[in-house]
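Take a look at the model below. This report walks through charged pairs, a helix pair and the cysteines.

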Amino acid sequence: MDPDAESKHVSEAKDIGDCVLQSIIQIPGANKLQPCTGESKCVSSIGPLAPELVSPLISNERESYEDIKQEPDKKLPKLLDYSLCLIHLAVFGILGVLTRYILAKLFGPGGGRVTSDQSILYLDLPSNMVGSFMMGWFGVVFKADISNVSEYLTIALTTGYLGSLTTFSGWNQKMLELSVKGDWLFCVLGFLIGLFLVAFSIIFGIETAKGFRWLLRKLKMSSGSETCRRKKNMKVEGLKHHLVVMVGLLLILCLFWGISGVLMDSEFKNGGNSADLWLACIVGPLGVWIRWLLAQLNGRGLGATGLLNWVPFGTLIANVSAAFGVAALATMKKFVNTRNCDIIVTGIQFGLFGCLSTVSTFAAEFNAMRESMHTWRAYAYAMITICASFFLGFLIYCIPIWRMEE
């Protein structure tokens, strides 16, 4: 096996967790495509394409994932399997929301003053860049190593944490707000610069992670047999171990929700400014779960023939629908214009729709297509996502706002 093969994994456009979904939810046409067996053979990919259309990134991922597999896991009960995925996604999704909020405050007007609502450097840009960079590490280069420990941890980090840390809907909404003010140049530059920075971030993440992997190999701190033994000891497997993990994460999730509920109620009563954040933590997991379910559509294409199966329709639908939802709520907030409405709308925008949309997965898919045999697909996919989101947002946000101001 090529030493660098593991570093060519693509994102979780069709996640390991889809194995669980396909075993529980019967999706039309699923049996005509690459089957999911519930074992770790189900790998992430842009989709089950014909061999001549598959990117080298995708084929190498499949090979390396087979190579790292040592012993087949015993199948878990379907309900436990499904519950583990949902709980992992919820806990790490909330962590992603909190990290996104911290980064926005750190680089925003109240902190470093790097980003603002009135410039092309929108508030969510730092989190989108950091999340894309980390996707290069944990969703591409070291994804197989993390899967050796726990496939659920892979889902939690990539789909849950990084997917919620980054948000496409927030990016789109800031560009809509610039356009409604007539700053069309800033709007266009905001999309172009934003796309360039997140694309560069994931490339930089992949390259630095490759360098770190190379450094670890050069150090030769342990023999190959010792490494294999350690990996085997670290792996979370067996019904008992999974039950312990599930109970622990369920307690953490209940703690998160409980604290968020108490703090939200307190902020509402005392007129605080963080009520929307705690509401976002409560509703955020729902957005992660919907996005994870939509990932089933990636690689399936349209119709029985799988037309345009290179387009990750799951990610596309998640991003476009979230952008539409954020724009619709922003319009409602303008018309209602009350404190309670602002808090509730902002919390749902930041939490539910912020977690439903993702830039880290979008960036990984863009990068995988860009390095494939069909480079044009990356730019076509980016244009479809951006244009569809902006056009729907323009109809639901810009036009009503202009009419209101007349």
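How many ångströms apart are the closest N and O atoms in the salt bridge of lysine 174 with glutamate 177? They are 3.7 Å apart. Keep in mind that this is a predicted model.

**Salt bridges**

The structure holds five salt bridges. Three of them are set out here.

| Salt bridge | Closest N and O atoms |
|---|---|
| Lysine 174 and aspartate 117 | 2.9 Å |
| Arginine 213 and aspartate 145 | 2.5 Å |
| Lysine 174 and glutamate 177 | 3.7 Å |

Start with lysine 174. Its bridge to aspartate 117 has a 2.9 Å gap between the closest N and O atoms. Lysine 174 sits in helix α7 (residues 168-180), while aspartate 117 sits in the loop between α3 (78-107) and α4 (125-141), so this pair ties together parts that are 57 residues apart in sequence.

The bridge between lysine 174 and glutamate 177 stays inside one helix. Both residues lie in α7, three residues apart, about one turn of the helix. Together, Asp117, Lys174 and Glu177 are linked in a network of salt bridges.

Is lysine 174 buried or exposed? Lysine 174 counts as buried because its relative accessibility is 17%, and the cut-off for buried is under 20%. Glutamate 177 is buried too. Aspartate 117, at 26%, counts as partly exposed.

Now turn to arginine 213. Its side chain meets that of aspartate 145 in a salt bridge, 2.5 Å from N to O. Arginine 213 belongs to helix α8 (residues 184-219) and aspartate 145 to helix α5 (residues 143-149), so the pair ties together parts 68 residues apart in sequence. Arginine 213 is buried, with a relative accessible area of 7%. Aspartate 145 is partly exposed, at 21%.

**A helix pair**

Two packed helices are described by the angle between their axes and the distance between the axes. Here, the axes of α14 (residues 360-370) and α15 (residues 376-405) come within 7 Å and cross at roughly 150 degrees. That makes α14 roughly antiparallel to α15.

Which residues of α14 meet α15? They are Phe362, Glu365, Phe366, Met369 and Arg370. On the α15 side, the partners include Tyr379, Tyr381 and Thr385. By class, this contact has seven nonpolar, one polar and three charged residues.

**Cysteines**

How many disulfides does the structure hold? It holds zero. Take cysteine 187. The closest cysteine sulfur belongs to cysteine 398, and it lies 8.0 Å from the sulfur of cysteine 187, too far for a bond. A disulfide needs the two sulfur atoms within 2.5 Å. Cysteine 187 is buried, with a relative accessible area of 3%. Cysteine 341 is buried as well, at 12%.

Key. Residues are numbered from 1 along each chain as its sequence is written. This is a predicted model: local features need pLDDT of at least 70, side-chain atom pairs count only at pLDDT 80 or more; totals for chains, interfaces and linings use all residues. Side-chain values use heavy atoms; hydrogens and water are left out. Buried means under 20% relative accessible area, exposed over 50%, partly exposed in between (1.4 Å probe, protein chains only). Axes are lines fitted to C-alpha atoms, for helices over the stretch in contact, and angles run from 0 to 180 degrees between N-to-C directions. Helices (H or I, at least four residues) and strands (E, at least two) are DSSP runs, numbered from the N terminus. Angles under 35 degrees count as roughly parallel, over 145 as roughly antiparallel, 65 to 115 as roughly perpendicular and the rest as oblique. Contact means heavy atoms within 4.5 Å. Ala, Val, Leu, Ile, Met, Phe, Trp, Tyr, Cys and Pro count as nonpolar, Asp, Glu, Lys and Arg as charged, and the others, Gly among them, as polar. A salt bridge is a side-chain nitrogen of Lys or Arg within 4 Å of a carboxyl oxygen of Asp or Glu.
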